[in-house]
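Here are my notes for you to read alongside the model. Keep the viewer open and pick out each residue as it comes up.

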2 protein chains.
Amino acid sequence: MYAVKAMPRPRSLTPAQLAAAALAVLDRDGLAGLTMRAVGAQLGTSTMGLYRYVADRDELEALVVERVLEPVDTHPPPDVPWADGIRDLAERVRRAVGLHPAVVPLLPAYRHRSPTILRWGEAVLAVLTGAGFTGTGRVIAFRALLGYVVGAIQMEHLGALAGPGTAVIAALPRDEFPLLAATARDAGVVVPEDEFGGGLDLLLDGLARRLDR
Amino acid sequence: MYAVKAMPRPRSLTPAQLAAAALAVLDRDGLAGLTMRAVGAQLGTSTMGLYRYVADRDELEALVVERVLEPVDTHPPPDVPWADGIRDLAERVRRAVGLHPAVVPLLPAYRHRSPTILRWGEAVLAVLTGAGFTGTGRVIAFRALLGYVVGAIQMEHLGALAGPGTAVIAALPRDEFPLLAATARDAGVVVPEDEFGGGLDLLLDGLARRLDR
DNA sequence: GTTGTAGGAGTACGTCGTACGCCTACAACG
DNA sequence: CGTTGTAGGCGTACGACGTACTCCTACAAC
């Protein structure tokens with residue numbers, strides 16, 4: 001052991017405060033408004049002061065993503081059929097993201113760096129393993145679920161069939177896109193939760209059939 | 001009719017040339033390198049000259065996305081079982097995007113503006129309709145397929161289980177994420193095509209079950 | 001030729017991320 | 001309680017971005 005000659009001045013901000021401020025900016029001004037200057041102003045500190053806490057903007061975004069996902073309960077639901085467990089886990093992520101839709105574009109890139117997402121993935125795998133999936137079958141099941149959840153959440157918030165995008169599609173030339181137009185009309189009566197859950201059920205049914213064989 | 005006093009100077013660039021140049025920049029320098037200046041330089045023209053052809057950077061990106069997707073054959077495969085038709089259509093998009101992975105982050109946002117994607121969607125709906133899907137069942141089937149295809153393609157190129165991301169996950173603390181670590185190891189022997197196709201098959205099996213009832 | 005329109009180049013502005021340097025606050029030591 | 005060294009906080013400044021605006025120029029129709 002060597003003697004410590006001096007202790008530095010203590011930090012005046014916590015990472016949690018920083019994340020909260022960045023999320024407030026994101027919710028208020030959208031992803032384009034999430035700048036170092038804006039977050040600095042939100043905290044009443046200087047722009048460059050943020051660099052005492054994060055290496056760059058990338059790290060700030062990672063902090064925001066984690067802040068949004070952190071409330072997700074990553075415990076596998078106990079005592080329910082495995083498919084219900086997966087449904088529950090998927091819906092928890094969808095709900096958390098729905099509270100802060102502006103993070104949606106960040107999710108694909110940051111999904112590996114979020115401890116919460118990793119814990120969530122571990123929980124999904126626990127349910128799949130408990131259901132009897134192993135080896136490459138489990139790999140494909142997991143990947144398919146992850147792909148669907150991420151993709152479907154993006155569809156929902158970046159103009160899904162049942163969303164603002166419906167109007168765009170409904171306005172297409174009827175003769176060139178008759179089925180898209182008809183589907184857009186049908187989509188008007190489907191609420192987002194049912195779209196998300198309905199698609200997930202298709203995947204779960206497919207998985208169930210794998211277990212039967 | 002009124003007499004035309006003068007005809008303007010003809011355009012020296014075609015939108016196709018512009019799209020090709022932008023795509024070349026994207027392939028070479030990635031999405032961050034796709035700037036108005038870089039595309040101008042690529043064409044040997046001035047930066048501002050591009051604004052004669054596109055309103056803003058957004059429109060340039062739309063041009064690139066369309067350029068990447070344009071080669072996709074959007075004719076529904078004839079004379080095959082409906083599930084094979086969907087598989088084919090999905091794989092065509094996956095292959096086209098795989099040739100230019102840097103566009104992946106743009107896909108979710110621009111999917112509504114691409115004529116090719118719209119034609120592709122119409123083809124998917126034609127296959128689904130031929131298989132017997134209608135109404136809200138068709139809405140959910142379409143949305144699920146679109147969500148899966150977009151999500152899975154992103155997983156593949158932004159660090160999927162079977163990809164560069166595998167290493168990251170394999171390096172996780174073994175005691176906290178035992179299943180993720182094991183799955184990452186199993187994923188090493190699964191090629192991306194099988195991951196994509198395997199997940200899609202799950203969805204198609206789920207859809208087939210809907211038709212049986 | 002002459003003429004009118006639109007093309008092309010260049011300049012310039014505001015905003016972004018962030019490198020860097022200055023001064024200051026404060027915990028641990030004598 | 002004074003000294004000291006580290007790190008915090010702030011401000012300035014730079015390069016790159018998107019793009020508005022101004023000039024000059026090329027060319028098709030007369």
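1. Let's begin where the protein meets DNA strand C. The residues of the surface near this strand split into 12 nonpolar, five polar and seven charged. Bear in mind throughout that you're looking at a predicted model.

2. Which residues come nearest to DNA strand C? There are 24 residues around the strand, and A:R37, B:P8, B:S12, B:T45 and B:M48 are the ones that come nearest. Notice that the names in that list carry both chain letters, A and B.

3. Now for what the protein touches on strand C. Take the atoms of DNA strand C within 4 Å of the protein: 54% of them belong to sugar or phosphate, and the rest belong to bases. Two contacts on the phosphate side are worth finding. A polar side-chain atom of B:T45 sits 2.5 Å from a phosphate oxygen of DNA strand C, and a backbone N or O atom of A:M36 is 3.1 Å from a phosphate oxygen of that strand. For the bases, try B:R52, where an N or O atom in the side chain lies 3.1 Å from a base nitrogen of DNA strand C.

4. Next, swing over to DNA strand D. Here, too, 24 residues are around the strand, and A:P8, A:S12, A:T45, A:M48 and B:R37 come nearest. By class, the surface near DNA strand D has 12 nonpolar, five polar and seven charged residues. Of the strand D atoms within 4 Å of the protein, 51% are sugar or phosphate and the rest are in bases.

5. Have a go at the individual contacts on strand D as well. Two arginines reach base nitrogens of DNA strand D with a polar side-chain atom: for B:R37 the distance is 2.6 Å, and for A:R52 it is 3.2 Å. With B:M36 the backbone does the job, as one of its polar backbone atoms is 3.0 Å from a phosphate oxygen of DNA strand D.

6. Time for the empty spaces. How much space lies in the largest pocket? About 460 Å³. Its lining has 19 residues, and those nearest the centre of the pocket are A:L31, A:P105, B:L31, B:P105 and B:L106. The lining divides into 15 nonpolar, two polar and two charged residues. If you prefer to think in helices, α5 (107-110) of chain A, α3 (57-69) of chain B and α5 (107-110) of chain B each supply at least two lining residues.

7. The second largest pocket has a volume of about 280 Å³. Among its lining residues are A:R9, A:R11, A:L50 and A:Y53. A:S12, A:T45 and A:R52 line this pocket too, and you've met them already: A:S12 and A:T45 are among the residues that come nearest to DNA strand D, while A:R52 has the side-chain contact with a base nitrogen of that strand. The lining comes out as four nonpolar, three polar and three charged residues.

8. Last, step back to chain A. The domain assignment gives domain 1 (15-69) and domain 2 (82-212). Their C-alpha centres lie 28 Å apart. Where the two domains touch, domain 1 of chain A puts in 13 residues and domain 2 of chain A puts in 14.

Note on methods. Residues are numbered from 1 along each chain as its sequence is written. Chains are lettered from A and ligands numbered from 1 in the order in which they are written. This is a predicted model: local features need pLDDT of at least 70, side-chain atom pairs count only at pLDDT 80 or more; totals for chains, interfaces and linings use all residues. Side-chain values use heavy atoms; hydrogens and water are left out. On a 1 Å grid over the protein atoms alone, a cavity is a set of points where a 1.4 Å probe fits but cannot get out, and a pocket is an open set with protein on both sides within 12 Å along at least five of seven lines; lining residues have an atom within 4 Å of a point. Grid points are joined across faces, edges and corners, and a volume is the space filled by probe spheres set on the points. Helices (H or I, at least four residues) and strands (E, at least two) are DSSP runs, numbered from the N terminus. Ala, Val, Leu, Ile, Met, Phe, Trp, Tyr, Cys and Pro count as nonpolar, Asp, Glu, Lys and Arg as charged, and the others, Gly among them, as polar. A residue is near a molecule or strand if one of its heavy atoms lies within 4 Å of it. A polar contact is a pair of N or O atoms within 3.5 Å; within protein, one must be able to donate a hydrogen and the other to accept it, and residues adjacent in sequence count only if both atoms are side-chain atoms. Domain bounds come from an automatic or database domain assignment. Contact means heavy atoms within 4.5 Å.
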